[in-house]
Amino acid sequence: MSSQPLRDFILQDRPAEAAPWTAISLFSGAGLSDLGYEMAGFQFVVQVEMNQRRAAIGGDNFPSSTWLVRDVRVSHDEIAAAYRRSTSRRLDLLMATPPCQGMSTSNPSRGKRQTPQAKALEEKNRLMLEVIPLARLLKPRIILVENVRQVLTLEVEYDGAKGQVVDLLRDGLQDYEVFPKVVNVANYGIPQVRRRALIVAVHKDVTRPESVLSRNQPPLPLQTHDEQSNNGMRPWVSIREWLEAMEYEQLDARSKDAARGTHPLHFVPAYGPDRYRQVSEIPAHSGRSAYDNDKCPWCGRQKVDAGLIVCPDCGGAMCNRPYVQRDGRPSLIKGFKSSYRRMNPGRPAYTITTNSSHIGSDFKIHPWENRVLSILECADLQTVPRFYDWTRAKEDKTLYLIRNLVGEAFPTYFTYLHGQTLSDLLSTPLTRRKPRDTPPSAHLALRA
Ligand SMILES: C[S@@+](CC[C@H](N)C(=O)[O-])C[C@H]1O[C@@H](n2cnc3c(N)ncnc32)[C@H](O)[C@@H]1O
């Protein structure tokens, strides 16, 4: 089964710490992306996150790291000092995963540059450049910035200059070679289409093997999957294959009881009668949307025209289509083709986002059950190992925060594979690298 290595990765026990490299992360969230790099051999010495709750959950999972609950923009010296207090070694990896609302396509203010909100978003876009002052202070061997792919064409102002983010990084990081690249995690066997820009900057004193130099590409893991199986690659893992392999308990949004499984993170919102009807009348495995429901729930007339909210025969409301009450009358909710839609079972899941429980958002409905995905299923699709400790969020009754954190992360399995690649690069002095002591089986299986 092609999803087996990923299943093993998620279900494994927490590996013993084996960390030849040091790392700092900025905008750490709860460290879900950091975790993959840690599993590949990077010990996080300092993690910086300005939201107290997120940092507290992260702190539970990275107990030997210093968590600074700070605004990165005004804390460069403090971050460098915290690192130097912990170790005299040169920093190996500085990573930054800033928030991306500034250029996300889902941001309604995009393009309206004059509004105060747009200015705040531009400020957010500049956050990627916060690695520059820290690079001057600590001279990390590798710098990594992750964000939505639109950053590669984005213009921002920084330090009196205006330009594309990658060019500004090149100007600010003169001792580095800067490689931008868009990565789709589905190409690494993850059953989710998630395209992100990775900008990797490698210090010029890091010896890069010929293979990396000649490709003029950032150091990245080998692609193993493709949309179609070609060039010896395996086809993308579909959401159907994945959900079946994971054998989740069946859930149903028709009632609170039916919407809850035995795992504490395996539950979904229950719906009232109309909302449930909107979901349940979309045929299982069809990949269709509630807007396509065309049978009148009152008189049974078939093929009611798209766009109508009232049946032309009986005048009853098409309450199996997404609607709101306006002035006492039903009105069809304006939506995109992708909203109120079941996932296509034959493809990987659409990008898991912070609003993974909103059926009005893109492709959020389970391919065949009548519900959205549970937090557990979203966390698994984001490849967060099950050993990750969410106790604090469960005790604080802030389970919604887990959905948010999971939706923001760069998948842990990808960061683990990438961490392996960066580890290989760092262990390439002038001689060949030596083999790892205990290569994780999931990684080997994937490459086999
Ligand atoms: C995209 S999320 C990071 C996700 C993280 N990589 C993970 O895997 O969990 C961005 C994080 O940056 C934090 N943040 C935003 N602005 C910040 C700032 N100026 N200083 C520190 N943290 C900030 C947010 O609270 C959020 O948790």
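Two exercises with worked solutions follow.

The model is predicted, so local features need pLDDT of at least 70 and side-chain atom pairs count only at pLDDT 80 or more, while totals for chains, interfaces and linings use all residues. Residues are numbered from 1 along each chain as its sequence is written.

**Exercise 1.** Work out in which order the strands of the open sheet are arranged, and which of them stand at its edges.

*Solution.* Begin with the strands (DSSP runs of E, at least two residues, numbered from the N terminus), which pair if DSSP finds at least two bridges between them. Seven strands form the open sheet in the order β3-β2-β1-β4-β5-β9-β8, with mixed pairing. Because β3 (66-68) and β8 (176-184) each have a single partner strand, they stand at the edges, and one side of each is left without a neighbour in the sheet. Next, follow β8 to its partner: nine bridges join β8 to β9 (residues 195-203), the two running antiparallel, and Tyr-176 stands opposite His-203 in β9.

**Exercise 2.** Determine which residues of helix α1 (residues 4-11) are buried, and how they are placed around its axis.

*Solution.* Take the helix as a DSSP run of H or I with at least four residues, and count a residue as buried if 20 or more other C-beta atoms, placed from the backbone, lie within 10 Å of its own. By this count Pro-5, Leu-6, Phe-9 and Ile-10 are buried in α1. These four cover an arc (that of the directions from the helix axis to the C-beta atoms) of only 135 degrees, which puts them on the same side of α1. An α-helix has 3.6 residues a turn, so residues three or four places apart point the same way.

Note on methods: Buried ≥ 20, exposed ≤ 12 C-beta atoms within 10 Å, placed from the backbone.
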